[in-house]
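Me: I would like to learn how to read side-chain features in a model. Could you walk me through this one?

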Amino acid sequence: MTVARPAIGRDFWRGFPALLLAFLVAQAAQQVDVSLLARFVGGEGVTVYVLLLRLALVDLVATMALGSVISVTVGHAAREGREGLAIRWSLALSLLAGGVLGCAGALLYPAAAPWMAGGDAGAAAELAAAIPWFCAATPVRLVNGSATFMVHAVGAGGVALRWKLAELAGRTLLVALVLGPLEAGLVGCFVAGLLLNALSAAWGARWLLRHAPAPVTLPARRWMADLLGKALWETQRLLSAHLLALAGIALFASPLLVPADTARLGAFAAGTVMAALVFAPFVALLRFLAMRLAGRSGQELPRLVTALLRLGVPAGAAVGLALVAVAEPLGAHVYGQGGPWWVWFVAALGLSLPFRAAANIVRAALQATGGFAGVAVLDAVLGWGVGLPLIVAGLWLDVPAIAYASLCLPEALAALWLWRRFQARTRSNAGGVAAMVRA
């Protein structure tokens with residue numbers, strides 16, 4: 001008897017466009033701050049704003065990681081019709097984790113501010129004035145981020161998108177008011193951020209609690225320890241990727257391996273900006289699939305993943321080929337780049353896309369079954385153990401094809417290893433993959 005394959009139709013993908021747009025709206029919030037600061041405060045205000053975001057990298061990464069893990073937990077609970085308690089506990093845990101991160105930041109960031117400012121006393125003073133407001137916003141920022149993921153996890157992507165668009169409009173108006181007529185400067189920008197996050201988090205939490213009521217209880221210790229453990233692994237994975245990107249830029253800018261070359265550095269810097277845009281849908285796909293696949297049965301999950309690979313890999317290849325085809329005009333007319341270091345970057349980026357699609361599909365499946373630790377370790381090992389040495393070798397030999405193999409070879413190896421890991425995991429849990437996730 002032949003078992004029918006699950007159809008990957010419109011119902012499965014419902015909510016993905018809203019999640020992707022919500023990701024883009026979240027990115028737009030920082031662009032709003034930067035553009036308004038540039039207009040009302042000037043370039044120095046923008047510089048200090050960016051410095052504070054870089055200083056608080058762990059804080060921002062932890063917000064994304066906790067939200068990602070919570071979305072899988074709530075998505076799994078929603079599939080079983082018991083999301084109310086998971087939502088209430090997740091909101092409480094987000095507030096607690098945000099309080100801890102905010103207190104840690106208030107203790108650590110002031111000491112690091114002069115170092116981040118590079119000895120600029122004025123910038124260091126502005127950083128010191130803005131830090132308390134940024135840290136005070138950390139708890140509500142975490143609740144806001146977690147609530148956003150949870151609204152998506154319960155299948156209300158349209159609600160989440162309208163909510164975030166309203167938040168973006170409110171942010172634009174309030175920051176413009178604070179920086180313009182009120183002339184509150186950079187500190188005013190962070191005060192506005194605190195107010196907006198508090199209002200937005202309160203609205204999101206209220207919507208979730210009304211959507212899925214549950215009794216008021218403290219989070220179970222085992223549940224909380226399990227979720228925080230997964231969030232720490234996901235934080236490590238995301239932070240490792242950020243640091244690896246910074247290391248790559250530092251290597252291209254450093255004259256230690258080869259004489260400094262502004263054309264080579266310019267091509268790599270512009271390429272990384274383009275890559276961030278190209279990778280955004282893949283990040284959204286990872287988060288969406290992790291929520292969608294959470295709680296699937298041990299028989300259904302492998303068939304869904306296989307069907308997704310049959311869709312995702314050809315789609316990634318098609319986008320990659322299109323990107324390679326327009327490499328030279330894209331460089332000339334959009335990014336102001338050309339030459340072998342640009343062309344090879346785009347070629348390697350295009351080649352990586354089918355591998356990235358495959359790897360993210362299987363990453364999502366493993367995370368949906370609780371495998372955050374294995375995914376985090378693999379990505380760090382391949383990024384630092386394979387990707388970084390390829391950059392060093394390519395720069396040393398002045399061969400762009402070798403340097404940019406760092407874009408595709410780690411993802412190809414990740415796709416292969418993750419697929420084997422997924423097959424082994426589903427075989428060893430044939431009685432039910434859903435049992436691997438502790439709600």
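Reply: Gladly. Keep in mind that this is a predicted model. Let us begin with the aromatic rings: F252, F268, W341, F345 and Y404 together make up one aromatic cluster.

Me: How many aromatic pairs does a search of the whole structure find?

Reply: The search gives 12 aromatic pairs. A pair of aromatic rings is described by the distance of the centres and the angle of the planes. Take W89 and W223: their ring centres are 5.4 Å apart and the planes meet at 65 degrees, so this pair is edge-to-face, the cut-off being over 60.

Me: Which helices hold W89 and W223?

Reply: W89 belongs to helix α5 (residues 83–116) and W223 to helix α10 (residues 221–253), so the pair ties together parts that are 134 residues apart in sequence. W89 has 13% relative accessibility and counts as buried. W223 is buried too, its relative accessible area being 6%.

Me: What is the geometry of the pair formed by F134 and F190?

Reply: F134 and F190 are edge-to-face, with 6.0 Å from centre to centre and 80 degrees between the planes. F134 sits in helix α6 (residues 121–136) and F190 in helix α9 (residues 185–211), so here the parts tied together are 56 residues apart in sequence. Both F134 and F190 are buried.

Me: Which residue lies over the face of F134?

Reply: That is R141, at 4.1 Å from the ring centre of F134. You can look for a similar arrangement at F279: the charged end of R356 sits over that ring, 3.8 Å from its centre.

Me: Let me turn to cysteines. How many disulfides does the count come to?

Reply: The count comes to zero disulfides. For C103, the nearest cysteine sulfur is that of C135, 8.8 Å away, and C103 is in no disulfide. A disulfide needs the sulfur atoms within 2.5 Å, so a separation of 8.8 Å does not qualify. As for surroundings, C103 is exposed, with a relative accessible area of 51%. C135 is likewise in no disulfide, and its nearest cysteine sulfur is that of C103. With a relative accessible area of 6%, C135 is buried.

Me: Now the nonpolar cores. Which residues have the most contacts inside the largest one?

Reply: In soluble globular proteins, nonpolar side chains tend to be buried together. Here the largest nonpolar core has 65 residues, and those with the most contacts inside it are V74, I87, L91, L289, L293, V305 and L418. Leaving out residues up to four places away in sequence, L418 touches A359, V362, R363, L366, V375 and L378. Another core lies apart from the largest one; it has 32 residues, among them A18, L36, L51 and I131.

Me: Is T138 buried or exposed?

Reply: T138 has 0% relative accessibility, so it counts as buried. You will find T138 in helix α7 (residues 138–153). Setting aside neighbours within four places in sequence, T138 is in contact with D59, G98, L101 and G102.

Me: One last feature, the backbone. Which residue has a positive phi although it is not a glycine?

Reply: Look at D398, where phi is about 60 degrees. D398 lies in the loop between α15 (372–397) and α16 (400–403). Its relative accessibility is 44%, so D398 counts as partly exposed.

Note on methods
Residues are numbered from 1 along each chain as its sequence is written. This is a predicted model: local features need pLDDT of at least 70, side-chain atom pairs count only at pLDDT 80 or more; totals for chains, interfaces and linings use all residues. Side-chain values use heavy atoms; hydrogens and water are left out. Rings of Phe, Tyr and Trp (its six-membered ring) pair if their centres lie within 6.5 Å; planes under 30 degrees apart count as stacked, over 60 as edge-to-face and the rest as tilted. Helices (H or I, at least four residues) and strands (E, at least two) are DSSP runs, numbered from the N terminus. Buried means under 20% relative accessible area, exposed over 50%, partly exposed in between (1.4 Å probe, protein chains only). A charge sits over a ring if NZ of Lys or CZ of Arg is within 6 Å of the ring centre and within 35 degrees of the ring normal. A nonpolar core is a set of buried Ala, Val, Leu, Ile, Met, Phe, Trp, Tyr and Cys residues joined through side-chain atoms within 4.5 Å. Contact means heavy atoms within 4.5 Å.
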